[in-house]
Amino acid sequence: MLTPPRTVVRRDGGLYALERALQRRGFRHVAGADEAGRGACAGPLVAAAAVLPEGRRGEIDELADSKLLTPAARERVYEEVVSRALAYAVVIIPAEEVDARGLHVCNLAAMRRALASLTTRPEYVLTDGFGVDGLDVPGLAVWKGDRVAACVAAASVLAKVTRDRIMVELDERHPGYGFAEHKGYITPEHSAALRERGPCREHRFSYVNVATVSGRDGRPPRSRRPAAGSPDEVLFGAPDGAFDDGPDEPMERSDAAGGTVGVALGEQPRPPASVGEDVVMEGGVR
């Protein structure tokens with residue numbers, strides 16, 4: 001029995017080389033998955049998955065790792081991905097879910113659910129950094145995948161833009177923290193606001209900096225959280241006012257039940273929103 005020749009993907013082959021190599025091997029629909037918000041101490045964790053078309057239609061100008069793009073460029077690429085993708089999905093996990101289940105568990109669950117929600121079933125899956133099991137298709141975890149594979153870069157843009165838009169809305173609900181500027185990442189300005197104001201419901205109380213300023217660092221994450229009237233389910237494409245559930249709850253109240261995972265499908269794009277300039281990007285400062 002003859003062994004098929006190995007497929008070699010050159011490092012200098014460009015962003016589309018890995019997908020094209022897989023497609024030559026018969027995997028026509030290659031999905032990429034990535035997340036945004038792992039390092040933030042406030043706001044949701046967002047994961048996305050995307051399948052780009054074969055050939056030139058799948059080649060998007062300016063497509064790159066979302067962290068390397070300016071906010072304006074990300075918006076342009078986002079619209080192109082939404083327009084051209086064979087399928088895409090976005091999963092949004094609120095802060096209370098991250099506290100209740102843990103960051104890594106939520107990250108893998110969100111990517112798995114985004115991939116499972118694709119309306120075009122992938123034949124091969126590329127993920128950024130972490131392998132995702134339970135998909136019933138072959139896959140590969142790629143180090144710095146958003147800089148290596150176009151479908152992963154597309155997913156990273158979907159996740160980043162979605163999360164940035166949410167953080168701009170949360171800045172209106174919870175003024176004083178600067179969510180629209182730093183998007184919930186730990187900056188000197190954010191840390192100063194935390195010390196002065198204390199955390200709000202959108203902060204992750206399982207993170208040491210938030211737990212410390214909450215004065216409840218000796219208690220488990222779920223009991224540290226301020227109470228909510230009902231679990232938040234944030235859906236991509238939610239109607240106006242979906243995030244408006246009143247002012248911050250006082251810290252003295254006990255926590256309600258854990259949050260839920262919201263899934264957004266490609267058929268429900270969110271209307272564009274004004275996004276402030278990033279001060280801190282995932283993975284660096286600019």
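Buried here means under 20% relative accessible area. By that yardstick helix H1, residues 17-24, is mostly covered, with seven of its eight residues buried. All the views below come from a predicted model.

**View 1. The whole chain, for orientation.** The protein chain folds into nine helices and eight strands. Of its 286 residues, 53% count as buried. Take the contacts between residues at least 6 apart in sequence: 71% of them join residues at least 24 apart. The close-ups that follow pick out a few spots in this chain.

**View 2. Helix H1 and what sits over it.** The buried residues of H1 are Ala17, Leu18, Glu19, Arg20, Ala21, Leu22 and Gln23. The list takes in Glu19 and Arg20 along with Ala17 and Leu18. What covers these buried residues? The cover includes strand E1, strand E4 (124-128), strand E5 (139-142) and helix H5. Follow the chain just past the end of H1 and you come to Gly26, which takes a positive phi of about 105°.

**View 3. Strand E2, with a partner strand on each of two pairings.** E2 spans residues 45-51, and seven of its seven residues are buried, so the strand is largely enclosed by the rest of the structure. Both of its faces are covered. On one side sit Leu45, Ala47, Ala49 and Val51, and on the other Val46, Ala48 and Ala50. E2 is joined to strand E1 (residues 30-36) by six bridges, and the two run antiparallel. In that pairing, look for Ala31 standing opposite Val51 of E2. Strand E3 (residues 87-93) also runs antiparallel to E2, this time with seven bridges. Here the pair to pick out is Ala49 opposite Ala89 of E3. Ala49 and Val51, the E2 residues named in these two pairs, belong to one and the same face of the strand.

**View 4. Helices H2 and H5 crossing.** Two packed helices are described by the angle between their axes and the distance between the axes. For H2 (residues 71-84) and H5 (residues 150-173), the axes come within 9 Å and cross at roughly 120°. H2 and H5 are therefore oblique to each other, and H2 passes H5 in a left-handed crossing. From H2, the residues at the contact are Arg74, Glu75, Val77, Tyr78, Glu79, Val81 and Val82. They meet Ala154, Val157, Leu158, Lys160, Val161, Thr162, Asp164 and Arg165 of H5. Sorted by class, this contact has eight nonpolar, one polar and six charged residues. An α-helix has 3.6 residues a turn, so residues three or four places apart point the same way. With that in mind, try tracing Arg74, Val77 and Val81 along H2, then Ala154, Val157, Val161 and Asp164 along H5.

**View 5. Tyr207 in its loop.** Tyr207 lies in the loop between helix H7 (188-197) and helix H8 (208-214). Is Tyr207 buried or exposed? Its relative accessibility is 14%, so Tyr207 counts as buried. Leaving out residues up to four places away in sequence, Tyr207 touches Arg38, Gly39, Ala40, Cys41 and Leu103. Leu103 is 104 residues from Tyr207 in sequence, yet their C-alpha atoms are 9.8 Å apart in space.

**View 6. Two positive phi angles that aren't at glycines.** Glu62 has a positive phi of about 75° although it is not a glycine. Its home is the loop between E2 and H2, and at 40% relative accessibility it counts as partly exposed. Lys183 is the other residue in this view: it is not a glycine, and its phi is positive at about 60°. Lys183 belongs to the loop between helix H6 (179-182) and H7. Lys183 is buried, with a relative accessible area of 0%.

**View 7. Gly139 in strand E5.** Gly139 is part of E5, the strand that is among those covering the buried residues of H1. Gly139 itself counts as partly exposed, at 48% relative accessibility. Which residues does Gly139 contact, leaving aside its neighbours within four places in sequence? They are Tyr124 and Val125. Thr127 is 12 residues from Gly139 along the chain, and 7.7 Å separates their C-alpha atoms.

Conventions
Residues numbered from 1 in each chain as written. Predicted model: local features only at pLDDT ≥ 70, side-chain atom pairs only at ≥ 80, totals over all residues. Heavy atoms only, no water. Axes fitted to C-alpha atoms, helices over the stretch in contact; angles between N-to-C directions. Helix = DSSP H or I, 4+ residues; strand = E, 2+ residues; numbered from the N terminus. Parallel < 35°, antiparallel > 145°, perpendicular 65-115°, else oblique. Left-handed = near helix turned anticlockwise from the far one by under 90°. Contact = heavy atoms within 4.5 Å. Nonpolar A, V, L, I, M, F, W, Y, C, P; charged D, E, K, R; others polar. Buried < 20%, exposed > 50% of the residue type's maximum accessible area, 1.4 Å probe, protein only. Pairing = 2+ DSSP bridges.
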